[in-house]
Amino acid sequence: MDFETVIGLEIHLKLKTASKMFCACDNQVFGAEPNMAVCPVCMGFPGTLPVVNAAAIRAGIRLSLALGGTIQPFSKFDRKNYFYPDLPKGYQISQYDQPISLGGLVNLVIDGKSKAIRIHRLHLEEDAGKLVHEHGKTFVDLNRAGAPLAEMVTEPDFRSKEEVSAFLKEFQQIARYVGAGNADMEKGEMRCDVNISLRPVGQAEFGTKVELKNMNSFSAVERAISYEMKRQAERLRDGEKIVQETRGWDDDQGISVSQRSKEEAHDYRYFPEPDLPPITVTPDMIEQIRRELPELPTAKRQRYVSELGLKEDDARTLTADMALSDFFEQVVAVTNDAAKAANVILSALLAHVNKDHKTIADISISPEQIAELIRLVNAGDLSMSALKTVLEELYLHGGTVGEVVTRLGVKQVNDTGAIEVVCREVLAENESVVADYRAGKTKVFGALVGAVMKKSGGKVNPGVVNEILLKLLQA
């Protein structure tokens, strides 16, 4: 029996704010000593009162608008009751039946085919703390407790791990573009739960879903989905029933492990948070935030292809990081040469950046320097090979373009008189090759060009060499 996989996602994004969701504690504490960014509010002390972080509300609205969601004019916070050692209050402040945003749509392009993924809702909540298991003991770190989160829930529109991976990368880009969050999975700033079920091909009714947790990278998500698809298919073929449950992913062993039966909403005993007023969002506020949104990755990719003439893969790479796309556009603004700007950045500059595990924001080379190198190439003063040599020197040691070009002695010779002298010398030294060319064996022309370049130390303009050689051979 063949099965179809049905997948929905729940993504938690840590919002990029200075303070936590309901208190003034520092929200940027990754790697800090345990329990240093805490206060009576996020530690759940009796009698303390939460205060909503307005910056977190705006970040949630920005993300929702970028995902095509409809901002609700009225939303509220609720208490989600459950016990866990790193949840100091014994409940989490979240949003249940009236979230900040409903609906939305993200269009993916996978292997040249477009697929729309529907967003069910996006709501705001606070994070729990973190359990640290060491030396047979469990420790509680509350630095993360109370951190602002946006939880986005999709419809069950995914049918493969490739679609899930593509969506996660698109969501990460959108979150970064709008400044809602850093979305670094390795740092726990973006966490993904996968709801996965199988059904016989052709069946309309969904199968029993299983929730997968504890995946901290795109590749781990793909591995977990592959394993769970195989696990469920084997049980269904053996006539067993799939139990609705939450399973944790053990990446070291490459298996999913049952953690608990899946809770329903009534298990959490939701009720409105009595210490927080409802959130009212006006149309003017929504429009103001909408106007502040940058051009999003999908629109930017389409513009690069349709208006700048770039290849789809190049456009996708350049828009993967907003800082990189800004860098590229600054080069294009100076050179008006998108093709060459893309070529130099992707083939030469990023080779160094990626090798050193850096980003474009970490380097000292400026867009103006890249533009100057391209101008020298277009003017015939620099070959593409020399450009890469100069760029590497700038990357490693800094300096100005002019100073490095002079010091390395790589500026091309364009003096036609001097180049003609070298060409005549090469023709005189290669009479048999010249005879072959004039006898119709034109493929030997490349050997003559190579000989001129070698004799001149590679410093002469190859375009000028071609013109002069042709003139001399046809004389």
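Which residues of α8 are buried? In this predicted model, the buried set comprises A338, A341, A342, V344, I345, A348, L349, L350, H352 and V353. A general point helps in reading such a list: an α-helix has 3.6 residues a turn, so residues three or four places apart point the same way. The cover over the buried residues of α8 includes four other helices, namely α6 (312–319), α7 (322–335), α9 (367–378) and α10 (384–397).

The helix itself is worth a closer look. Helix α8 runs over residues 338–355, 18 residues in total, and the distance from its first C-alpha to its last is 24 Å, close to the 26 Å expected at 1.5 Å a residue. The helix has a kink of about 45°, centred on L349, and L349 also belongs to the buried residues of α8. After α8 comes H357, which has a positive phi near 55°.

Attention can now turn to the second largest pocket, which holds about 620 Å³ of space. Its lining is made up of 23 residues, and A166, K169, E170, Q173 and R316 lie closest to the pocket centre. Which helix gives the most to this lining? That is α2, with 8 residues. At least two residues each come from β7 (105–110), α2 (161–177), α3 (218–237), α5 (297–306) and α6. Helix α6 thus appears in both parts of this account: α6 is among the elements covering the buried residues of α8, and α6 also supplies residues to the pocket lining. By residue class, the lining divides into 9 charged, 7 polar and 7 nonpolar residues.

Note on methods: Residues numbered from 1 in each chain as written. Predicted model: local features only at pLDDT ≥ 70, side-chain atom pairs only at ≥ 80, totals over all residues. Heavy atoms only, no water. Expected span 1.5 Å × (residues − 1). Bend = angle between axes of the 7 residues up to and from the residue. Buried < 20%, exposed > 50% of the residue type's maximum accessible area, 1.4 Å probe, protein only. Contact = heavy atoms within 4.5 Å. 1 Å grid on protein atoms, 1.4 Å probe; cavity = no way out; pocket = protein on both sides within 12 Å on 5 of 7 lines; lining within 4 Å. Points joined across faces, edges and corners; volume = space filled by probe spheres on them. Nonpolar A, V, L, I, M, F, W, Y, C, P; charged D, E, K, R; others polar.
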